[in-house]
Amino acid sequence: MALVLVTGASSGIGLLAARELAAAGHDVVVHARTADRLPADLARAGEVLGDLADADAVVDVAAGAQRFGRFDAVIHNAGVIDGPDVFAVNVAAPYLLAAAMTPPGRTIVISSSLHRSGSADLSGLDLSRPDRRARPYDDSKLFVTALALHLARTRPDGLAHAVDPGWVPTRMGGSHAPDDLREGSRTQQWLATAPAHEISPRTGGYWFHRRIQEPHPAATDPTFQRDLIALLAAQTGVALD
């Protein structure tokens, strides 16, 4: 059985993933901003708490997670769709967790089809000012997709993938979203726990409903990846490796 960390596990596809992974017998550590956001009946091996919009809190979350040992998989599910914390939660938090934690066996980040509308122009990018970008959510999902594919390229001993869950009926997606919530969670659970030989490509995939897709060209461009990682390191003060 796998030891899995799920961030943003208090609702939506993160909560569903945590429930179903635990029901399958895996040891699931769940993250939420505060304890009262976690359902009382959510089975879990443990929990880590902290606001992923706050870089210091992210470092504390990483330290708390480290107490459980090396994770077989980390699912970076937490995200926000608008407001001043878009880059902090959607991009900087996964980056900081990847930098601060022992590299897990598998890294899965939640992307979005909207990442294809993101801008690959990093000039003037300020993680503290998402309002300076025309489409900050789309940009954030392009950046976190590139982060996942960078990890796939530079950490060959592990697996790293990005997942488009679809437009699903969650607090972010809205009650009228047309895609299936369970299907939206299934791919990340599979990537976190399936035998590696069943996953093709083994690492560096962009997935939608367990089918491989083509991401934004910048996400697979090593030069863009390196430039993004350098910028994240400069603005967070934390080096990835």
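A crossing of two helices is called left-handed if the near helix is turned anticlockwise from the far one by less than a right angle, and right-handed if clockwise. In this sense, H2 passes H3 in a right-handed crossing, where helices (H or I, at least four residues) and strands (E, at least two) are DSSP runs numbered from the N terminus. The model is a predicted one, in which local features need pLDDT of at least 70 and side-chain atom pairs count only at pLDDT 80 or more, whereas totals for chains, interfaces and linings use all residues. Residues are numbered from 1 along each chain as its sequence is written, and side-chain values use heavy atoms, with hydrogens and water left out.

The axes of H2 and H3 come within 9 Å of each other and cross at roughly 40 degrees; axes here are lines fitted to C-alpha atoms, for helices over the stretch in contact, and angles run from 0 to 180 degrees between N-to-C directions. This crossing makes H2 oblique to H3, since angles under 35 degrees count as roughly parallel, over 145 as roughly antiparallel, 65 to 115 as roughly perpendicular and the rest as oblique. On the H2 side, Ala55, Val58, Val61, Ala62 and Gln66 meet Ala93, Leu96, Leu97 and Ala100 of H3, contact meaning heavy atoms within 4.5 Å.

A second helix pair is formed by H1 (residues 12-23) and H5 (residues 181-193), which pack at an angle of about 55 degrees with their axes 9 Å apart. H1 is thereby oblique to H5, and H1 passes H5 in a right-handed crossing. Gly12, Ile13, Leu16, Ala17, Glu20 and Leu21 make the contact from H1, while the residues contributed by H5 include Leu181, Arg182, Gly184 and Ser185.

The largest nonpolar core has 47 residues, and those with the most contacts inside it are Leu5, Phe71, Met101, Phe143 and Phe224. Such a core is a set of buried Ala, Val, Leu, Ile, Met, Phe, Trp, Tyr and Cys residues joined through side-chain atoms within 4.5 Å, and buried means under 20% relative accessible area, exposed over 50%, and partly exposed in between (1.4 Å probe, protein chains only). Two or more residues of this core come from each of strand S1 (3-6), helix H2 (55-66), helix H3 (86-100), H4, S6 and H6, and H3 gives the most, with 10 residues. When residues up to four places away in sequence are not counted, Phe143 touches Phe87, Val91, Ser119, Leu122, Leu125, Arg133, Phe224 and Leu228. A second, separate core of 25 residues includes Ile13, Leu15, Ala32 and Ala192.

Charged side chains were examined next. Side chains of opposite charge can pair when their charged atoms come close. The structure holds 7 salt bridges, each being a side-chain nitrogen of Lys or Arg within 4 Å of a carboxyl oxygen of Asp or Glu. In one of them, Arg133 pairs with Asp139, the closest N and O atoms being 2.8 Å apart; Arg133 is buried at 13% relative accessibility, and Asp139 is buried at 2%. Arg132 forms a salt bridge with Asp126, with the closest N and O atoms 4.0 Å apart, and here Arg132 is exposed at 53% whereas Asp126 is partly exposed at 22%. A further salt bridge joins the side chains of Asp241 and Arg155 (3.2 Å, N to O). Asp241 lies in the segment after helix H6 (222-236) and Arg155 in the loop between helix H4 (136-154) and strand S6 (159-164), so this pair ties together parts that are 86 residues apart in sequence. Asp241 is exposed, with a relative accessible area of 70%, but Arg155 counts as buried at 15%.

Several features of the backbone and loops complete the description. A cis peptide bond, with omega about 5 degrees, joins Ser200 and Pro201, and Pro201 is found in the loop between H5 and strand S7 (205-208). His209, although not a glycine, has a positive phi of about 50 degrees; His209 lies in the loop between S7 and strand S8 (211-212) and is buried at 13% relative accessibility. Arg210, also placed in the loop between S7 and S8, has a positive phi near 65 degrees and is partly exposed at 33%. Pro84, in the loop between strand S4 (73-76) and H3, is exposed at 62%.
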